[in-house]
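Me: I should like to go through the classifications made for this structure and the grounds for each. Please set every value against its cut-off.

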Amino acid sequence: MAATNKAEAAPHETFDTILTLDFGSQYTHLLTRRLREINVYSEMLPCTQKLADLGWKPSGIILSGGPYSVYEENAPHVDPAFFELGVPILGICYGLQEIAYRLDKTNVVAGVKREYGHADLKATRFGSKVDPLFEGIADDMTVWMSHGDKLSKLPEGFHVVGTTNNSEFAAVAHDSKPVYGVQFHPEVTHTSYGTQLLKNFAVGICGAKQNWTMAEFIGQEINKIRSLVGPEGQVLGAVSGGVDSTVAAKLMKEAIGDRFHAVLVDNGCMRLNECEIVKKTLSEELGINLVVADAGDQFLEGLKGVEDPEAKRKFIGGKFIDVFEEEVKKLEAQNSGKIQWFLQGTLYPDVIESLSFKGPSATIKTHHNVGGLPKRMTEGQGLKLIEPLRELFKDEVRELGRQLGISAELVGRHPFPGPGLAIRVLGEVTKEKVRMAREADHIFISMIREAGLYDEIAQAYAALDLSKAVGVMGDKRVYGHIVILRAVCTTDFMTAIPYPFSHEFLTKASTRIINEVHGVCRVAYDYSQKPPATIEME
Ligand code: GLN
């Protein structure tokens, strides 16, 4: 990830922040999400983070779960300096075991019974009261466990604040310091009152303010962009008509007006009327300074004879950069000189992906954002990156978009791949095939919208198959193309199931596509799940 000077103006400088140190649990990012849902700003860093290198002070620290056993030889351990910082600490599962283990290595042992799934937790009563961690939580709380190790005894200086049938140390607290540990996972939705518990920790115990709102963020982010870019700086950004690039562009426009230049590259594989729609929305409605590079023919020319999906993606990515570079030169010639900044739509899940702790053997993966620039454009005196959405989750980007006055329809749009319809036309891409895919897609998506199903579906499109099939149209034998419809439900895009359309809906879609899209004689619905089938076809 390219280093930018965002650190000095990052949200953790102005918002009370709960820092989560990640020990590799698959749920760590949920801690960050749950806290932000209750308007407490939270960030995640790998468990290898040294306090001395942090450069800012969190309001509290959460130690996440993780796949290791604390007593294993290569198990990760937290920098002890965090315990001297004087801010509250909450350990979750591995995090709890880590807190116990650092006090005495015999405190953690492999359990005889492993514990996965539901358990019923009872908060310990102290007179009529429960520990502040359990305030506002019903006596019987359902918690979700996932562990094999357990505390063998109560760590010195701690007392029990919650128990389950299996775990006498399901929740513990230090006698005099704000240090807590829970064996269960409050971040998963299967734990009832999990968010309340995290709120009790973050707000009640750490005293963090619940001021993380998009309205608050906009003001701060605009100031940050202004001071980063300076009074003369020019910023360039690629837009696609998608949610992230539109929201980022509008934010830039608010911050620096016409010193932000949005570039839309028409790659000839866009959806029906997409260029016109983007032009209308971005320049007319949102007032963004936009240029459109009409490069459709160049792309389609270069795609001739290219059948392999990876080769198609590679060509489109490379060509995109060439066209973009040309546009930069043109803009610089027309403009008051050099453009110094490039807007990149990195989101927080990308950051998490590159930061999460993957164990000592795993190399940390560097994220390559779609629309990212090659080194030659960013090295030395080249373009510097500006990533205003870097701290945000997708739903936060949507909320930001709404607050910036972007229409609900655009903000709620399904994702669309960078190479566009080129990877939805299987095999070689031709202008004619793109036309068929585009028209079929438009009919399908319009029908989904009309039926009120758009928001229930995470992604939907029409693709054009490689092969052709025989049909009889108007008493004449035809040899036509096959359209494949795909629509999936998913929340994280990691796993997905096909949307269960009614028979009637699919029949109507099929009839309309065959009747209205010249050259198509069959329509199929893709019923495959992910995994193994990916959401896109290529
Ligand atoms: N690996 C540890 C155990 O099995 C911690 C598990 C966890 O953090 N979920 O107990």
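Me: Which residues are around the ligand in this predicted model, and what makes a residue count as near?

Reply: The model is predicted. A residue is near if one of its heavy atoms lies within 4 Å of the molecule. The residues around the ligand are Gly65, Gly66, Pro67, Tyr68, Cys93, Tyr94, Gln97, Ser146, His147, Gly148, Asp149 and His185. By class, four of the shell residues are nonpolar, seven polar and one charged. Strand 6 provides the largest share, four residues.

Me: What makes the pairing of the ligand with serine 146 a polar contact?

Reply: The cut-off is 3.5 Å between N or O atoms. A ligand nitrogen lies 2.9 Å from a polar backbone atom of serine 146, so the pair qualifies. A ligand oxygen is 3.0 Å from a polar backbone atom of tyrosine 94. In the side chain of histidine 185, an N or O atom is 3.2 Å from a ligand nitrogen. The protein buries 88% of the 290 Å² that the ligand exposes when taken alone.

Me: What does histidine 185 join within the protein?

Reply: Its side chain forms a polar contact of 2.9 Å with the side chain of glutamate 187.

Me: Why is glutamate 187 called buried?

Reply: Buried means under 20% relative accessible area. Glutamate 187 has 1%, and is therefore buried. Glutamate 187 lies in the loop between strand 9 (179-182) and helix 3 (194-205). Beyond neighbours within four places in sequence, its contacts are Tyr27, Leu30, Leu31, Arg34, Ile92 and Leu198.

Note on methods: Residues numbered from 1 in each chain as written. Predicted model: local features only at pLDDT ≥ 70, side-chain atom pairs only at ≥ 80, totals over all residues. Heavy atoms only, no water. Polar contact = N/O pair within 3.5 Å; in protein donor to acceptor, adjacent residues only side chain to side chain. Areas by Shrake-Rupley, 256 points an atom, 1.4 Å probe, with all protein chains shown as cover. Helix = DSSP H or I, 4+ residues; strand = E, 2+ residues; numbered from the N terminus. Nonpolar A, V, L, I, M, F, W, Y, C, P; charged D, E, K, R; others polar. Buried < 20%, exposed > 50% of the residue type's maximum accessible area, 1.4 Å probe, protein only. Contact = heavy atoms within 4.5 Å.
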